[in-house]
Amino acid sequence: MAMVMEGATFAAAVATKFPSFRIIRTRATSSSASSRTFRSFSASASTLKEGDPLAPLSVSLGHHTRPDFPILHQEVNGSKLVYLDNAATSQKPIAVMKALQTYYEAYNSNVHRGIHSLSARATDEYELARKKIASFINASDSSEIVFTRNATEAINLVAYSWGLQNLKQEDEILLTVAEHHSSIVPWQLVAQKTGAVLKFVSLNQDEVPDINMLKEMLSTKTKLVVVHHVSNVLACVLPVEDIVLWAHDVGAKVLVDACQSVPHMVVDVQSLNADFLVASSHKMCGPTGIGFLYGKSHLLSSMPPFLGGGEMISDVFLDHSTYAEPPSRFEAGTPAIGEAIGLGAAIDYLTGIGMQKIHDYEVELAEYLYESLRSVPNVRIYGPVPTKNAPRAALCSFNVENIHPTDIATFLDQQHGVAIRSGHHCAQPLHRYLGINASARVSLYFYNTKEDVDSFIQALSDTVNFFNSFK
């Protein structure tokens, strides 16, 4: 178990058991800044076993994996860091950072463009990462995986390449009011160019997108349905398989924003049968600056290029060009090679744990978080109440009566070292629908523990008491 530890005797005992134990000195950033010492050790996720005298009585997945994430073992503003902003970005395990370091130290080279050994190795590792993604989401072939800068670019690729070619005046694009801005703005731009119309599904009484309403709104005019798999605000999980079935019955295509599902659960694109699906590396333990688009082969093959340049061509003449087959057609220029390799390492790491194991643990954490947070007076949590058949994702967006969420997030960080997010979470239409301008959001990942939740609740209670003292 990785923790902030005090006491030379215990530190010596840990150092004996774990040769990589080290004492790190860091300067606090609080107003009373003085040289502070905290102690941490790093070990593989398999180091601590149940029954180990240095391990808790029952080793949770969070305790088991925390040693793999060096960033978690530090003080922030004089307090032990409690990182609870995972819906915005996840932390990176040592294996991912080593993969990036190895690429730049050992075989940094451009891909697909050289016959020398470094280029060949870089190309092999880059394409292996694509195969790892395909296997991870059960795509039928790695050619259905297109590397992009992020999920936002992946959605824009579909919007400009498929959307501009296939949408026309009065065609309908069906979305929900709970979509991320990345799933709304590109289609607004396409609608302005094509005359297509955006239609929105509202929430039901449980504060979940109304699936019955969505089904009723589908018609032969509907050409595309854009939905999230898991809401980054409401924590609800949509029945994507049903939505896809209904959409296909009227001839519509479906694009799934899986940024909050691929990192947290088993996602099988063949089972979902979605036409397009997008996700981001940085939310699944991988580097920033890379994401991917999954698209069915026949759809990608029918789509024109998104960007022009090197790599995406077959032949270039002075008056015209011919284009490569997907996925190269959509990967113009030098790609994010190191980042792709790092994403491949992240997938290896997640697969080594097991996505079902991660999901089961997070369901338990999610319920603990929800029940703990609702115990704090005057807290309003957004989204559905968790049930056995419909658990929430491991996040809660909330507000505390008469306290601005940014004040809450600031106080938690500066006084307690607890990192959460405040704002509209790139979901302004949803916040307006809920009648609020902003919310605070706490979001967990598999390396979090119930102790993290307890620390957050204690810090939140202290924060609420502080601001209420001025009334």
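These are legends for several close-up views of a predicted model.

**View 1. The whole chain, for orientation.** Before zooming in, here's the overall tally: the protein has 15 helices and 19 strands. It runs to 471 residues, and 54% of them count as buried. Look at contacts with a separation of 6 or more, and 68% of them come from residues 24 or more positions apart.

**View 2. The seven-stranded sheet is open and has mixed pairing.** Reading across, the strand order goes β6-β12-β11-β10-β9-β7-β8. The edges belong to β6 (145-148) and β8 (197-201); each has a single partner strand, so one side of each is left without a neighbour in the sheet. Ignoring direction, neighbouring strands here are turned by 20° against each other on average. Helix α4 packs on this sheet, where it touches β6 and β12, and its direction makes about 120° with that of β6.

**View 3. Edge strand β6 pairs with β12 in the antiparallel sense.** Four bridges hold the pairing of β6 with β12 (residues 291-295). Two of the matched pairs are worth picking out: threonine 148 has glycine 291 in β12 as its bridge partner, and valine 146 has leucine 293. Is β6 covered on one face or both? Both: Ile145 and Phe147 point to one side, Val146 and Thr148 to the other, and all of them are buried.

**View 4. Strands β9 and β10 run parallel.** Over in another part of the seven-stranded order, where β10 and β9 sit next to each other, five bridges join β9 (residues 222-228) to β10. Histidine 228 faces aspartate 257 of β10 across this pairing. Strand β10 (residues 253-257) is mostly covered, with four of its five residues buried.

**View 5. Proline 327 sits in the loop between β14 and α11.** Strand β14 covers residues 321-323. Is this loop proline buried or exposed? Proline 327 has a relative accessible area of 10%, and buried means under 20%, so proline 327 is buried. What does proline 327 touch, once neighbours within four places in sequence are left aside? The answer is Arg130, Ser143, Ile145 and Val146. Two of these, Ile145 and Val146, turned up above among the buried residues of β6. There's also leucine 300, 27 residues away along the chain, whose C-alpha atom is 7.8 Å from that of proline 327.

**View 6. Helices α4 and α11 pack at an angle of about 40°.** Helix α4 spans residues 117-136 and α11 spans residues 337-353, and their axes are 8 Å apart. That angle makes α4 oblique to α11. The two helices cross in the left-handed sense. On the α4 side the contact is made by Glu125, Tyr126, Ala129, Lys132, Ile133 and Phe136. Across from them, α11 brings Ile337, Ala340, Ile341, Leu343, Gly344, Ile347, Asp348, Leu350 and Thr351. Sort the residues of this contact by class and you get 10 nonpolar, two polar and three charged.

**View 7. Helices α5 and α6 pack at an angle of about 20°.** Here α5 (residues 151-166) and α6 (residues 181-194) have their axes 9 Å apart. The angle makes α5 roughly parallel to α6. In this pair the crossing is right-handed. From α5 come Thr152, Ile155, Asn156, Val158, Ala159, Tyr160, Gly163 and Leu164. They meet Ser182, Ser183, Pro186, Trp187, Leu189, Val190, Lys193 and Thr194 of α6. By class, the contact of α5 with α6 has nine nonpolar residues, six polar and one charged.

**View 8. The four-stranded sheet is open, with antiparallel pairing.** Its order is β15-β16-β19-β18. At the edges stand β15 (379-381) and β18 (421-423), each with a single partner strand, so one side of each lacks a neighbour in the sheet. With direction ignored, neighbouring strands are turned by 30° against each other on average. Three bridges link β18 to β19 (residues 439-443), and in this pairing arginine 421 stands opposite arginine 441 of β19. Helix α12 (residues 355-374) lies across β15, β16 (395-400) and β19, and runs at about 10° to β16.

Key. Residues numbered from 1 in each chain as written. Predicted model: local features only at pLDDT ≥ 70, side-chain atom pairs only at ≥ 80, totals over all residues. Heavy atoms only, no water. Axes fitted to C-alpha atoms, helices over the stretch in contact; angles between N-to-C directions. Parallel < 35°, antiparallel > 145°, perpendicular 65-115°, else oblique. Left-handed = near helix turned anticlockwise from the far one by under 90°. Contact = heavy atoms within 4.5 Å. Nonpolar A, V, L, I, M, F, W, Y, C, P; charged D, E, K, R; others polar. Buried < 20%, exposed > 50% of the residue type's maximum accessible area, 1.4 Å probe, protein only. Pairing = 2+ DSSP bridges.
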